[in-house]
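Biologist: Please take one part of this model and look at it closely. I would like the strand, its partners and its surroundings in one connected account.

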Amino acid sequence: VIWRCPKCKGLFVEQGSSLICENGHSFDRARQGYVHLLLANQKASREPGDNETMISARRHFLSADFYAPLVEEIVGLVPCDKGGLSLLDLGCGEGHYLQSVVQGVSSDLEYCHGYGVDISKPAVRKAASSYKMSALASETRKLDYAVASSVRVPADDACVDGILVVFAPCEASEIVRLLKPDGFFIQVSPGPKHLYELKECIYPEVKLHSQPPLPEGMSLRAQNRLNYSISIESRPVLESLLEMTPFTWRGNREAKSALLDKGTLQLEIDFIIQVATPIQLK
Ligand SMILES: C[S@@+](CC[C@H](N)C(=O)[O-])C[C@H]1O[C@@H](n2cnc3c(N)ncnc32)[C@H](O)[C@@H]1O
Ligand SMILES: [Zn+2]
């Protein structure tokens, strides 16, 4: 495992279903296989991160495959010339992207090990349980999940080949610390027109997303825009889309219920995908 003890940064050994560090701090794996490495003093609230309702809504929406082109795009950007690969997904949510990417990468890769971190326990629980129920696990394709914060990731320096961040906050110094010197970083952010028609329905004025910043210490290698339109024709899917986004709390309530009553929406999807590498200090 790449995980390090969140209390003392010590190395872990696996003993049964526990991770025990060299200083005797012990963390049990949950039934679903994930490990909880977020210390009480690292929490800003009792249940940080996305809540159960948002996680279930995101799972429901993503499983309708409207964002399948994004998975394909990410898979295409993962370098396959390295023999094997370790990939860390920060703010991995319910695990849709990490699992799909590890499943989708070229069979030329001898191995691909994915690690997912999210501060939300319900998110990590769902991600780990999907992996457990999938037929993905093998010596060459494996996933491991931890409840932890992207601000202080309990993992070793230079421990992964790649870091993925999809619509999640991240900390520049951690990205630089965790990546191997020849590592890569893939960041997905909303493009200017992402979900434009939805916002038009519920906000009096729509602000376009601006150019996403890259973490300091990283140098941009490529920036792609993935832009297409989808047609949602199911009220439950629309409900999930509203619930998984900040629209749950914001926006005009009547406008939202009118939209749900209509039950259909033609919608623009707009992603910016940035690939970056650490700036090498001489
Ligand atoms: C918009 S969701 C994106 C989830 C996933 N990457 C996806 O695209 O489906 C943002 C995620 O970041 C997580 N998050 C927020 N702050 C975090 C932090 N400090 N450390 C780790 N995860 C965090 C939330 O719990 C949530 O799952
Ligand atoms: Zn320890």
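Modeller: What follows is a close look at strand β7, then at two loop residues. This is a predicted model, where local features need pLDDT of at least 70, side-chain atom pairs count only at pLDDT 80 or more, and totals for chains, interfaces and linings use all residues. Residues are numbered from 1 along each chain as its sequence is written, chains are lettered from A and ligands numbered from 1 in the order in which they are written, and side-chain values use heavy atoms, with hydrogens and water left out.

Strand β7 covers residues 141-147. Strands (E, at least two residues) and helices (H or I, at least four) are DSSP runs, numbered from the N terminus. Six of the seven residues of β7 are buried, so the strand is largely enclosed by the rest of the structure. Buried means under 20% relative accessible area, exposed over 50%, and partly exposed in between, with a 1.4 Å probe and protein chains only.

Now the partners. Strands pair if DSSP finds at least two bridges between them. β4 (residues 35-36) runs parallel to β7, joined by two bridges. Here Val35 has Ala146 as its bridge partner. β6 (residues 111-118) is also parallel to β7, with seven bridges. His113 stands opposite Lys142.

β6, helix α4 (residues 121-133) and β7 form a right-handed β-α-β unit. Right-handed means that, with the strands pointing away from the viewer, the path from the first strand over the helix to the second runs clockwise.

Next, the loops. Ala158 lies between β7 and β8 (160-166). Its phi is near 45 degrees, positive in a residue other than glycine. At 36% relative accessibility, Ala158 is partly exposed. Leu195 sits in the loop between β9 (179-190) and α6 (196-202). Phi of Leu195 is near 55 degrees, a positive value too. Leu195 is buried, with a relative accessible area of 5%.
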